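Got your viewer ready? Load the model, pick a cartoon style, and keep the selection box handy for the stops below.

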Amino acid sequence: MQTIRERAKQQLPSVLLTLLSIIQAVALELLWSSVLSHPHLWQGGLPAVVGWLQAAVAMMGFVLIWLVYVSMVLRVVWVPRILDTVYPFVIGLLEFVLAEMLQPGSVALWFVVLAAACAATSFATLTGYRSARRDPANAELFAQYSTYSTRDRLASLSLVAGMLVPSALIAWVGGEVVSILGLLVAMGLIAGQYRVVAGYWNRALGPEEMGDIPSGPEE
């Protein structure tokens, strides 16, 4: 049994990344097809600006999901569960919906789907890191981080909340201008997450000595 567990731990990264890369490729193809099939994107005006910003935010979200997963499987090992192989399908389904929903009248609902994709990714990686923390093979990495606290859990949900606030405002106030401002905020939040992922990546894999990071890597 121990041999099977070790084999599963060694093969999990390649299985997850292969699966996720296929799903991401399909999501990108759907996004491109959606851009080509929505006439309002090519007719100019504020609706076109909203649509192109949606496409840009969706693209940034896809890349962020990929980076979060790659960062996790390269830094830690853990005994996989069945759910670990199911989470990418859930995330992929949400990505497909994001790619298709570029209509001007559904921006508020689109933000809800985006928040759900961020929440699903956070939950999937959080459970992976929790399992990895219990594995002695990861002791060197987790020794660099303090215990994961309630404050850190709330911080990890900030991206999700940041997507739901524009959704509520767009549903309440409406208008392309509010949608554009909300999408710009979303771009800023995702860019901030890029920096967080890069910080953990460099600390674990980079050649240079990084500064102290107070919380654990379960972002």
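Which residues make the nonpolar surface patch of about 420 Å²? Select Leu-46, Val-49, Val-177, Leu-181 and Leu-184, and there it is. A patch here takes residues with over 30% relative accessible area and no salt bridge, joining like charges within 9 Å and nonpolar side chains (Val, Leu, Ile, Met, Phe, Trp, Tyr) within 5 Å. Helix 2 (46-75) and helix 8 (176-205) are the elements that give two or more residues to this patch, and helix 8 has the largest share, with three residues. Zoom in on Leu-46, which sits in helix 2 and is partly exposed at 40% relative accessible area.

Some ground rules before moving on. What you have open is a predicted model, in which local features need pLDDT of at least 70 and side-chain atom pairs count only at pLDDT 80 or more, while totals for chains, interfaces and linings use all residues. Numbering starts from 1 along each chain as its sequence is written, and side-chain values use heavy atoms, with hydrogens and water left out.

Now zoom out and colour by secondary structure. You should get eight helices and zero strands (DSSP runs numbered from the N terminus: H or I of at least four residues for helices, E of at least two for strands). The accessible surface comes to about 11,100 Å², 68% of it belonging to carbon and sulfur atoms; areas are Shrake-Rupley values with a 1.4 Å probe, and for residues only the protein chains shown count as cover. Of the 219 residues, 45% are buried (buried is under 20% relative accessible area, exposed over 50%, partly exposed in between, with a 1.4 Å probe and protein chains only).

Next, select Lys-9 and its charged partners. Glu-6 forms a salt bridge with Lys-9, the closest N and O atoms being 3.5 Å apart; the cut-off is a side-chain nitrogen of Lys or Arg within 4 Å of a carboxyl oxygen of Asp or Glu. Both residues lie in helix 1 (residues 2-37), three residues apart, about one turn of the helix. On the other side of the pairing list, Asp-135 bridges to Lys-9 with closest N and O atoms 2.7 Å apart. That pair links distant parts of the chain, since Asp-135 is in the loop between helix 4 (107-133) and helix 5 (139-142), 126 residues from Lys-9. Together, Glu-6, Lys-9 and Asp-135 make a salt-bridge network. Check the burial too: Lys-9 is buried at 10% and Asp-135 is buried at 12%, whereas Glu-6 is partly exposed at 30%.

Stay in that loop and pick Asn-138. Is Asn-138 buried or exposed? Buried, at 4% relative accessibility. Its side chain reaches the backbone oxygen of Val-77 at 2.6 Å. Leaving out residues up to four places away in sequence, Asn-138 touches Arg-75, Val-76, Val-77 and Ala-132 (contact means heavy atoms within 4.5 Å).

Last stop: the interior. The largest nonpolar core has 57 residues, and those with the most contacts inside it are Tyr-69, Val-76, Trp-78, Trp-110, Phe-111 and Met-163. Helix 2 gives the largest share of this core, 14 residues. A core is a set of buried Ala, Val, Leu, Ile, Met, Phe, Trp, Tyr and Cys residues joined through side-chain atoms within 4.5 Å. Finish by centring on Met-163, whose contacts beyond four places in sequence are Phe-111, Leu-114, Ala-115, Ala-186, Leu-189 and Ile-190.

Note on methods:
A polar contact is a pair of N or O atoms within 3.5 Å; within protein, one must be able to donate a hydrogen and the other to accept it, and residues adjacent in sequence count only if both atoms are side-chain atoms.
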